[in-house]
Amino acid sequence: MRLVAALLLAATMSAAASAPASTTEGLFRQFGLFGTWAVDCKQDASPENPRVSITMPSPGLIMEDHDLGKDNAVNRYSVLSAEKLSDTRLAVSVIFQPGKDTEERQKLVWAVHDGTLRTLFNQPVNGPVRVKDGVAVGYSIQTPLLKKCGE
């Protein structure tokens, strides 16, 4: 009987050791989001080739930095939560420019599949939609299709 209890305890502890897919960290791991993304990983960051880094600098803190090149400020996002919409879609709540006067909460939807990432939807809380169906509203420009860069 003790052996059975020990085996059940070991199995439970093993399952709890990895981040559950229902947590934000677990979803980011499930979707393979941690790392660096770009339109062309071999080229320098620029407005046409944003370099996006998704990191977890400390437990529970997920950051997303958009580097648009040397003449531009880095756009920083702090991830608050994530929800799996489908096998290829993730809804993400973020704070844009956390800790600054321009801080803004936003709702995003990403398409993630086959080593690519694209923003399909972006809307500040209580603000106008900025990206709909992967197109920047008012500009008719498709959001960039980012590829995961080798680590």
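Trainee: What pattern does the chain follow, read along the sequence?
Mentor: This is a predicted model, and its chain holds two helices and eleven strands. Both helix symbols stand at the start of the pattern, ahead of the strand symbols. Read along the sequence, the pattern is α-α-β-β-β-β-β-β-β-β-β-β-β.

Trainee: What percentage of the residues of the chain count as buried?
Mentor: A residue counts as buried when its relative accessible area is under 20%. The chain has 151 residues. The part of them that counts as buried is 36%.

Trainee: Among contacts between residues at least 6 apart in sequence, what percentage join residues at least 24 apart?
Mentor: Contacts between residues less than 6 apart in sequence are left out of this figure. Of the contacts that remain, the part joining residues at least 24 apart is 33%.

Trainee: Which element supplies the largest share of the largest nonpolar core?
Mentor: Nonpolar side chains tend to be buried together in soluble globular proteins. The largest core here has 21 residues, and those touching the most other members are Phe28, Leu33, Ile54, Leu90, Val92, Trp110 and Leu117. At least two core residues come from each of α2 (24–30), β2 (51–58), β4 (75–86), β5 (89–96) and β6 (104–113). The largest share, four residues, comes from β5.

Trainee: Leu90 is in that list of core residues. Which residues is Leu90 in contact with, leaving aside its neighbours within four places in sequence?
Mentor: Contact here takes heavy atoms within 4.5 Å. With the sequence neighbours set aside, the partners of Leu90 include Leu27, Phe28, Phe31 and Leu33. The rest of the list is Ala82, Glu83, Lys84, Leu85, Leu108, Val109 and Trp110.

Trainee: Which residue stands opposite Val92 in β6?
Mentor: The strands β5 and β6 pair over eight bridges. The sense of that pairing is antiparallel. In β6, the residue opposite Val92 is Leu108.

Trainee: Which residue in the turn between β6 and β7 has a positive phi?
Mentor: Strand β7 covers residues 116–124 and runs antiparallel to β6, with eight bridges joining the two. One bridge pairs Val112 with Leu117 in β7. The two strands form a hairpin with two residues between them, and the turn residue with a phi of about 50 degrees is Asp114.

Trainee: How many bridges join β1 to β11?
Mentor: Strand β1 (residues 35–38) has an antiparallel pairing with β2 over four bridges, where Thr36 stands opposite Ser53. Strand β1 also runs antiparallel to β11 (residues 146–148), and there Ala38 stands opposite Lys147. The number of bridges joining β1 to β11 is two.

Trainee: Which cysteines form a disulfide?
Mentor: A disulfide is a covalent bond between the sulfur atoms of two cysteines. The count for this model is one disulfide. With sulfur atoms 2.0 Å apart, the pair is Cys41 and Cys149.

Trainee: How many residues apart in sequence are the parts that this pair ties together?
Mentor: Cys41 lies in the loop between β1 and β2, while Cys149 lies in the segment after β11. The pair therefore ties together parts whose separation in sequence is 108 residues.

Trainee: Is the disulfide left-handed or right-handed?
Mentor: The handedness follows from the torsion about the S-S bond of Cys41 and Cys149. That torsion is about -85 degrees, so the disulfide is left-handed.

Trainee: Is Cys149 buried or exposed?
Mentor: Cys41 has a relative accessible area of 28%, which makes it partly exposed. For Cys149 the relative accessible area is 8%. The cut-off for burial is under 20%, so Cys149 is buried.

Trainee: Which element supplies the largest share of the lining of the largest pocket?
Mentor: The largest pocket holds about 730 Å³ of space. It is lined by 26 residues, and His66, Tyr77, Val131, Thr143 and Pro144 are the closest to its centre. At least two lining residues come from each of β3 (61–67), β4, β6, β7 and β10 (141–142). The largest share, four residues, comes from β7.

Trainee: Is Asn126 buried or exposed?
Mentor: Asn126 sits in the loop between β7 and β8 (131–132), and its phi is positive, near 65 degrees. Its relative accessibility is 83%. Exposed means over 50%, so Asn126 is exposed.

Trainee: What is the phi of Ser140?
Mentor: Most residues other than glycine have a negative phi. Ser140 is in the loop between β9 (135–136) and β10, and at 68% relative accessibility it counts as exposed. Its phi is positive, near 55 degrees.

Notes: Residues numbered from 1 in each chain as written. Predicted model: local features only at pLDDT ≥ 70, side-chain atom pairs only at ≥ 80, totals over all residues. Heavy atoms only, no water. Core = buried A, V, L, I, M, F, W, Y, C linked by side-chain atoms within 4.5 Å. Buried < 20%, exposed > 50% of the residue type's maximum accessible area, 1.4 Å probe, protein only. Pairing = 2+ DSSP bridges. Disulfide = S-S within 2.5 Å. 1 Å grid on protein atoms, 1.4 Å probe; cavity = no way out; pocket = protein on both sides within 12 Å on 5 of 7 lines; lining within 4 Å. Points joined across faces, edges and corners; volume = space filled by probe spheres on them.
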